[in-house]
2 protein chains.
Amino acid sequence: MYYTIDIMEKPFAIGIDVGGTKIAAALVDCHGHISARSFALVPSDIDTEGVIALIGAAIAEARGDLSVDRIAGIGVAVPCFVDTEEQQLLHCVNLPLAGCNLRDRLTQSTGLPVIMHNDATLAVLGEERYGVARGLNHVLMITLGTGVGGGLFLDGKLFGGARGLAGEIGHITIVADGDPCPCGGKGHLESYLGRAALARKAQEAAAGPEGSGILKRAGGNVDDITAETLLEAAEAGDVCALDILRQAGDLLGQALASFVNVLNPELIVIAGGLSQRASSLVEAARARLREEWPPGIIDVTVATGQLGNDAGILGAAALAFSPTVLDALAS
Amino acid sequence: MYYTIDIMEKPFAIGIDVGGTKIAAALVDCHGHISARSFALVPSDIDTEGVIALIGAAIAEARGDLSVDRIAGIGVAVPCFVDTEEQQLLHCVNLPLAGCNLRDRLTQSTGLPVIMHNDATLAVLGEERYGVARGLNHVLMITLGTGVGGGLFLDGKLFGGARGLAGEIGHITIVADGDPCPCGGKGHLESYLGRAALARKAQEAAAGPEGSGILKRAGGNVDDITAETLLEAAEAGDVCALDILRQAGDLLGQALASFVNVLNPELIVIAGGLSQRASSLVEAARARLREEWPPGIIDVTVATGQLGNDAGILGAAALAFSPTVLDALAS
């Protein structure tokens, strides 16, 4: 076990969600209520020391004048591959954190236990502790944002695999040798569901007459069409935009069916900005999953996340309260 | 816990692998050595009582005159969806076993504890206890036979998911809306790697000049080309046959990369009849996986199974020795 906590003595934790463009921290009580927040923007040219300083400042601000004796620990959600057992950051796409000993640095500066994990993985913990997946044992979460991420809560624990790197749900192959993925791969789920992919589909459609509504929204300039343009067009009822989202949702539904085959979860949580904006996509995914797995032998529910952008913060705080949920550390 | 075992008092278990065409049982000691075997063919028109009688006879023959006091229990590998917690057979494709209370029937007739699980899932347990995956904690097994099956050993336990139905590795979508799968789905791994799929590819190739070698082996009759024809042609060095197997292996490699992304296993075991026959397929899968996941952050080994056709029997015996490895029963 990593450390033990007397929740009566220490009824607070600090959860921090470190992203490529912003850092959000909160002081969270053991029921998942947020009693203070802090927030910082991350400059694009920031260096390692700069990020560590920003994280430290966000923690200090969220803590306010609460005594460290009342705080169980600090949970840090990072957009990185995390070796959870060694608490090392192996690979970070958007921040210069790989290889830096963030855990020890923060422990030294705060005097509190610090525990880190991948942001998408902590989001599923947030939903399991305080959100839509409360009390369940087998939950798969898929986050639709700029990229497609995810996390696994299996058998009542966060599932990390051999080295804590499991849950990279966006990078399963859904179309062999298919469209390019920002990760360098081909035909991944993110190749079709990421924002860049949706923008590309919208641009392709805008070249034909059926996409004229989308094109108009971008001032007639195909290159200005983004995923946002597509979402706005769909929200306004544009048939072509809705069609693109439904096609993406149908692919997502096939991927969800794959996850059901492999992992037999009770609940699939679809979260992330896109899930809140594109109900036609989520509905199409649900319909395709139902087609592949009619109710009966396998019963799986598909729900959208309940915690919104706070899932990562709350999951990070939950990890600080219950580090044993991190299976690699529990043994 | 299901039951506890004094391995000194009871150093044997009976493992039985119930298939659609044959039943194999063995008396196994706690080191995984087989000291007696039995074997029965399953007539295609057999009814439920007939199967139960055949299983009972196979158990009795494997046990011989060993006292039941020396036997820890009976593990039964079945080609079914098994609700592991309730020990119910939910769905069986090739045998009339769904809904029959096989566990209680065998307990009554033998006086021994009986525990059942899906055959492919028990094969991974066999390899983990006595074969190529010995002592590892995160192992994915994929079995290439008539169909494509698999099993998951995660975090030091058999992984069953919410209802014990996890591990249906052959039915992930690898080509969205792709070729038909015997299960009724589309574009599944089994749609490209199952024997029927390989036969279809060989038949398609035989329609052109490049497939003349394959066609010749089937006496010039396209309809007589089976997966066996393809394997024999490949073994004889036929370029077209090798190409078909390599293409299938490349698809398999993409699927393996997906599993690495989602589950981060230490070892992937490729087993089943096809894996022993088609080294070019296995090599192509390995190469594609290495391309998708170059060594570095993720280290995963791909190995072929060590136990051959005994993996199921040995896994079933291992389950009888250590029922707590079945996570759904362990809690």
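**Helix packing, chain contact and a cysteine in a predicted model**

Colleague: In this predicted model, what is the handedness of the crossing where H7(A) passes H8(A)?

Modeller: The crossing of H7(A) past H8(A) is left-handed. By class, seven nonpolar residues make up that contact, with no polar and no charged residues.

Colleague: Which residues of H7(A) and H8(A) meet there?

Modeller: From H7(A), the residues are A:Leu230, A:Ala233 and A:Ala234. They meet A:Ala241, A:Leu242, A:Ile244 and A:Leu245 of H8(A).

Colleague: At what angle do the axes of those two helices cross?

Modeller: Helix H7, residues 227-235 of chain A, and helix H8, residues 239-263 of chain A, have axes that cross at roughly 115 degrees and come within 7 Å. H7(A) is therefore roughly perpendicular to H8(A).

Colleague: Turning to chain A as a whole, how many helices and strands does its secondary structure have?

Modeller: Chain A has twelve helices and twelve strands.

Colleague: What radius of gyration does chain A have, and what would a compact globule have?

Modeller: Chain A has a radius of gyration of 20 Å. This agrees with a compact globule of 331 residues, for which the value would be near 20 Å. The C-alpha atoms of chain A fill a box of roughly 65 × 50 × 35 Å along the principal axes.

Colleague: What percentage of the residues in chain A is buried?

Modeller: Of the 331 residues in chain A, 57% are buried. As for contacts in chain A with a separation of 6 or more, 64% are between residues 24 or more positions apart.

Colleague: Now the two chains together: how many residues of chain B are in contact with chain A?

Modeller: 37 residues of chain B are in contact with 36 residues of chain A.

Colleague: And which element gives the most to that side of chain B?

Modeller: H8(B) gives the most, with eight residues. By class, the side of chain B that touches chain A has 18 nonpolar, 13 polar and six charged residues.

Colleague: One more topic. Where is B:Cys183?

Modeller: B:Cys183 is in the loop of chain B between strand S10 (157-158) and helix H4 (190-193).

Colleague: Why does B:Cys183 count as partly exposed?

Modeller: B:Cys183 has 17 other C-beta atoms within 10 Å. A residue is buried at 20 or more and exposed at 12 or fewer, so a count in between is partly exposed.

Colleague: Which residues is B:Cys183 in contact with, leaving aside its neighbours within four places in sequence?

Modeller: Those residues are B:His171 and B:His188.

Methods. Residues are numbered from 1 along each chain as its sequence is written. Chains are lettered from A and ligands numbered from 1 in the order in which they are written. This is a predicted model: local features need pLDDT of at least 70, side-chain atom pairs count only at pLDDT 80 or more; totals for chains, interfaces and linings use all residues. Axes are lines fitted to C-alpha atoms, for helices over the stretch in contact, and angles run from 0 to 180 degrees between N-to-C directions. Helices (H or I, at least four residues) and strands (E, at least two) are DSSP runs, numbered from the N terminus. Angles under 35 degrees count as roughly parallel, over 145 as roughly antiparallel, 65 to 115 as roughly perpendicular and the rest as oblique. A crossing is left-handed if the near helix is turned anticlockwise from the far one by less than a right angle, and right-handed if clockwise. Two residues are in contact if their C-beta atoms, placed from the backbone, lie within 7 Å. Ala, Val, Leu, Ile, Met, Phe, Trp, Tyr, Cys and Pro count as nonpolar, Asp, Glu, Lys and Arg as charged, and the others, Gly among them, as polar. The radius of gyration is taken over C-alpha atoms; the globule rule is 2.2 Å times the number of residues to the power 0.38.
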